[in-house]
Structure formats: C-alpha cells, structure tokens
Amino acid sequence: MDIRDLAGEALAGLLARPVRTALTTLGTVLGITTLVVTLGVAATAGNQIVGRFDELVATAITVEVPESENVPLVEWDAIDRLTRLRGVESAAAVAESKDSANVSVRANAIVDPTRVTAQTLTVLAATTGLPEAARGRIVRGRFYDAGHIRRGDRVAVIGDQAAKMLGIGDLDRAPAIFVGGHVYTVIGILGELRREPNLSTAVIVPPTVGHHFGLRDVTRVLINTSLGAAELIAGQAPDALSPGNGDTLHVIAPPSPTRARDQAQADANALFLILGLVSLVVGAVGIANVTLVTVMERIAEIGLRRSLGAARRHVAAQFLLESTLIGLAGGVIGASLGVVTVVVVSAAKQWTPLLDVRLALAAPVAGAVVGLLAGLYPALRAARMEPVDALR
C-alpha cells in the first residue's frame, strides 16, 4: 500500500466520525496543555522570585557572638568598623542574658499586695542604632544617644507593647520605671518593628548601665544591608567585628534568591508535571478505547480489505496512523493553547513570560507518541482478524 493511500484512508476514517474524533483528541489536548502551562508558568514564576524577593529578608543579617571566658569577642565600639563597610545601611550590637530574660518591671514605687503592679519583661542593652537595625521607629520621645551611654545615664526605651502593659503613654513628665530595684527614666517608646518583634515587650538600656543585669558583653549584632550586598557583608562582618576571631562568630545570612527561585521552580514543576502526566494517561486511555471501538465497528471493512489483498501490516498501519494523527492533532492544539495561556497569565500578573521553544516544538511530538502507543493494541487486534471471520 502506498503511503499516500494509507494516509488518505486514515484521514478518511477520522473525518467519517468528526464528533468522536474531536472528543478523543480533547484528552490529549488537555494533557499537553497542562504540561506546557505547567513548565511555562513555573519558569516564569521562578524568574519573578529574584525581583520580588522580600527585601526585608534578603537584607537582614544576624551575627551571634558566643560567650568568652577571657576578653569579649566583640567590643561595643566594633559597630563603628562594621558600618564603614560598603553595603551596610544600619547595624546595632545587642546584649542579652538569661538573668535579664524575666525581670520584674513596675511603673510606680508603690507595692500593693492586693493587685498586680509589676510586669515580667525582658531587659537588654543595645547601641544607638537599634531602631534602624530592627526596622522600627521611635513612636514617642527619643532613643538614647552617645552622650547618655558615655555618662552612664539611667535612661530606658521601652517597646510599645511594654508601654501598654505598664500604662505609660505620655512621656512629657519623664515617667520612671523600676527595673529589678533600679530606677530608669523612660525617654522613648519603640514601635512598628518589622524585624525583631520581640523588642515590643522589652526594656532597652544603654550598655554602660546594663551590667546590673549581667549585660556586659555583646551577644548579637543586627545588620541591614543594601539589596544584593547581603552575601558580601556576611563574609566581611565577622572580621570587621572581631579581627582575628571572625571564625568563632556565627553568621545567619539570608538564603540566595537564585537558590530560592530554583527550589520554587523545581517544586512547581514536580507538582504540576504529575498533573500533566495524569492528563496524558487519561487522554491515552481515551484514544485506546475509541480506537478499539472503531475496530469493532469496522470489522466488515477490515475483512473486505483483507480479502482484497491487504496484509496484516497494512491494517495495523492504518489504525496506528489514525491514533497517531489524533495524538498529533491534540499535541499541536494543546501546545498552542499552553503557549497562549502562559502569555495571558504573565500579562495578567505583569510578568515577563518565559517559555522554552524546544518544549513548544516537542509537545506535538509527545502527543503523537501518546497516540501511537495508545493505538498499538487496537491495531494489533485488527491485524489479527481473519478475512473469513471478519466477513462472517
């Protein structure tokens, strides 16, 4: 049988039942469309992670300072060296201890046993750059300055939630709080914290007066960098804070945006690839079922062809070609719909669409292969029919 005659017969067989052919093709269309949309949208969304990566997370670095029995690993004035690094926007040294984690704080000197007048709050010492390093602001009053630290003034800044707990709202009369038996004048209230939200319930004092609560040495350093400079500063900060002992400091740096993008894209691909494969399997089962029904309906035609001299391979080739054409048509339509969907979704989200051209070209081939495999059993069954049995 000439290849052109074979193609003509297969095409005529498909067009003789257009509705059934269209419904059979729909399964492959859905499978290929799902695959193209999955890989295209995943690649496009993954590319957006770098551009939309949370600036707060991408620029926040924390350096943890271990305890040292001899001299402190990080001095309080080391922040001055750190802020001179290009890419550091703000930084602050913080001292915390177990003894200062639960301190009784009162807003008045009267101890009334009939009611609760004290609150259990955290006390910590910090340098003057804490509001900027914590991505917050002073909502009332002011933060202490270098003069307060140098003179050892007993002043304090409290978090906004701590102020509510203590009933402090107006700072015009310089309210005082009693912290572990020591009196401190509240000069500011810190709030709107985007980083270190635990500071909202803390009492912050200058480093020169923190020794009352065991706050002598720096335990943490908070650093905010310019966007894109976090990786560089993470490598330079230990040496700037503790020359010669930088290896002993533990730096907590934000993850690489590129790694986050690759991970998100891999997760999305794995999830939606399964959905696409399931759709393809459903489409293949549909093609196999319809092709098998077609073989049963055309038994007389098969017997007539065999009696007129058609070989088994000719009958098998015709039905294989029909199922392959169905898969190919589904692949072409599915690839087209998938590309259009990726573009439409990207336009709606104001993204730049990313789609591998090889994927769009390979999708019709994948559809044809699915159709070929799905039609294999029906074609072999048609080829095994004996002419006499088929005509009878």
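**Notes on the predicted model: two helices that cross, a buried threonine, a one-sided helix**

1. Let's start with H10 (residues 299-307) and H11 (residues 312-349): their axes come within 10 Å and cross at roughly 140°. That angle makes H10 oblique to H11, because the roughly antiparallel label is kept for angles over 145 degrees. As for handedness, H10 passes H11 in a right-handed crossing. Bear in mind that this is a predicted model.

2. Who touches whom here? On the H10 side, the contact is made by Glu301, Ile302, Arg305 and Arg306, while H11 brings in Arg312, Val315, Gln318 and Phe319. Sorted by character, the residues of this contact of H10 with H11 come out as four charged, three nonpolar and one polar.

3. Next, have a look at Thr225, which sits in strand S10 (residues 220-225). Is Thr225 buried or exposed? Its relative accessible area is 1%, so Thr225 counts as buried, the cut-off being under 20%.

4. What surrounds Thr225? If you skip its neighbours within four places in sequence, Thr225 is in contact with Thr59, Ile61, Gly87, Val88, Glu89, Ala230 and Ile233.

5. Last stop, helix H13 (residues 376-383): its buried residues are Pro378, Ala379, Ala382 and Ala383. These four cover an arc of only 135° around the axis, so they lie on the same side of H13. As a general reminder, an α-helix has 3.6 residues a turn, so residues three or four places apart point the same way.

Methods
Residues numbered from 1 in each chain as written. Predicted model: local features only at pLDDT ≥ 70, side-chain atom pairs only at ≥ 80, totals over all residues. Heavy atoms only, no water. Axes fitted to C-alpha atoms, helices over the stretch in contact; angles between N-to-C directions. Helix = DSSP H or I, 4+ residues; strand = E, 2+ residues; numbered from the N terminus. Parallel < 35°, antiparallel > 145°, perpendicular 65-115°, else oblique. Left-handed = near helix turned anticlockwise from the far one by under 90°. Contact = heavy atoms within 4.5 Å. Nonpolar A, V, L, I, M, F, W, Y, C, P; charged D, E, K, R; others polar. Buried < 20%, exposed > 50% of the residue type's maximum accessible area, 1.4 Å probe, protein only. Arc of directions from axis to C-beta.
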